[in-house]
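Q: Could you take a close look at how one pair of helices packs here, and then at one side chain that you find worth a visit? I'd enjoy a connected tour.

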Amino acid sequence: MAQAGKASLKEQRYDRQLRLWGDHGQEALESAHVCVINATATGTEILKNLVLPGIGSFTIVDGNQVSGEDVGNNFFLQKSQIGQNRAQSATELLQELNNEVSGNFVEESPEKLLDNDPSFFNRFNLVVATQLPESTLLRLAELLWSSNVPLLVCRTYGLVGYMRVIIKEHTVVESHPDNTLEDLRLDKPFPELREHIQSYDLDHMDKKDHSHTPWIVIVAKYLTKWFNEKSDQLPKSYKEKEAFRQLIRQGILKNENGTPEDEENFEEAIKNVNTALNTTEIPRCIEELFNDDCCINLTEQSPSFWILARAVKEFVANEGQGSLPVRGTIPDMIADSNKFIKLQNVYREKAKKDIAAVGNHAAKLLQSLGKAPESISERELKLFCSNSAFLRVVRCRSLSEEYGLNTFNKDEIISHMDNPDSELVLYLMLRAVDRFYKQHGRYPGVYNYQVEDDIGKLKSCLTGFLQEHGLSVVVKDDYVHEFCRYGAAEPHAIAAFMGGAAAQEVIKVITGQFVIFNNTYIYSGMSQTSATFQL
């Protein structure tokens, strides 16, 4: 009884997010341990947005003391804490947001940890690095890349926000795409569906049954008529679809005066012609996935995603006859309960049959790899089959590739620099600012008296960076002036926005749901715009 009470309390607390990522997504979140480097305004805003939805545990790594500046822009630090360790102070206040989350802190700088205990970072599901100098960031990124631990870099610099996802391979089963079409297979009905549709005789039905026949059956019936009388192709053009709608309209019952009856199910069929007549085919991105090396050459180390992808590929080549497993869901519609449930069961049973067939292929593959058959659960198998049209794989480049003179993505930079105000300019400015820090041991314009002198210095850092990388692009002087005026400040409004955006990406990685960006995100607080780039 107490357990049930606890469960319903949890459901009440997390109701809205459970609708987004389900129980299994919440479980993944609650068993995750995330490390956040630096309890800056950006770092604590990210944590706030992870603690509230119930991340399992977090650890803050920060060797700095709370300063007056921190208290001015960070809601999770107080005046009374000035002089105390920043990691500990922030942890105390963050934990008050959700007593089910475990908060830890390490009073050490990331540099020290990288020197003395680099394996410390391997224990986390994901590491978030905020406001780190370039040299430390490159060391950390190299370490985590080799250990296969995802890293999210997040930075607020004046009115500019920057994020970079560094993850070798991120596979997504539930990508939750917008505006997906139903998987009805009306162009290629499977035997059970064909049989079910044939069981209806629209010409010899009473009025009640006629007006309560599901629209899917109506469209399928008239599609057969279309193929017999008009064409062997699906109606594709506007003209053809209009002719097909007219064909359906003719089937509406008429009263004794010859006026069409008010049959909502037929109206529904006419309304759904556009979406119901989609061709059953394998999306190009899924074809690419089937031809991926990871799918073709399975090993003992292959994660279940690739084993299941291969099982689906084999299903398509055999039982599926060129099609993916049936999704097994139909939309709500005007119909009597009996007819609707019967139709729903036709799709559900077919989906179950397809899942079982994919499961057999997966079992054989697991056996050939010397893996236990239970290493892929029934739940995982079902989820994979019902989402087989929406699978995604994101592979990011490493930070050392992005920063290497011979491996940086020159084409991506040049292609976006046609626009002198592209968000990519802000990325180039951040790189110039890091160069400035390397040369001068501080950021430009931190104190007002430095701003004028630093404009020239920052401009030469930018020029040096562009020349070194062979980039003949022009950056307006306004940007150099602006970045000097920022003085490396971390305004709370920008930090809060970036905190929300970064936490969202963290949740995507942990739950394996929705699709992360690849690989760089820039936000401009000046123009209120943002963009992603593959750098």
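A: Happy to: the helix pair comes first, then a single arginine. This is a predicted model, in which local features need pLDDT of at least 70 and side-chain atom pairs count only at pLDDT 80 or more, while totals for chains, interfaces and linings use all residues. Residues are numbered from 1 along each chain as its sequence is written, and side-chain values use heavy atoms, leaving out hydrogens and water.

Helices here are DSSP runs of H or I with at least four residues, and strands are E runs of at least two, numbered from the N terminus. The axes of α10 (residues 215-229) and α11 (residues 238-249) lie 10 Å apart, at an angle of about 110°, on a scale from 0 to 180 degrees between N-to-C directions of lines fitted to C-alpha atoms over the stretch in contact. That makes the two helices roughly perpendicular, a term for 65 to 115 degrees. Where they touch (heavy atoms within 4.5 Å), α10 brings Ile218, Val219, Tyr222, Leu223, Lys225 and Trp226, and α11 answers with Glu240, Ala243, Phe244, Leu247 and Ile248. By class, nine of these residues are nonpolar, none polar and two charged.

Now for arginine 185, which sits in the loop between β7 (170-172) and α8 (191-198). Arginine 185 counts as buried because its relative accessibility is 9%, and the cut-off is under 20% with a 1.4 Å probe. Its side chain reaches the backbone oxygen of leucine 324 at 2.7 Å. Beyond its neighbours within four places in sequence, arginine 185 touches Phe190, Leu193, Thr280, Ser323, Leu324, Pro325 and Val326.

Definitions and conventions
Parallel < 35°, antiparallel > 145°, perpendicular 65-115°, else oblique. Nonpolar A, V, L, I, M, F, W, Y, C, P; charged D, E, K, R; others polar. Buried < 20%, exposed > 50% of the residue type's maximum accessible area, 1.4 Å probe, protein only. Polar contact = N/O pair within 3.5 Å; in protein donor to acceptor, adjacent residues only side chain to side chain.
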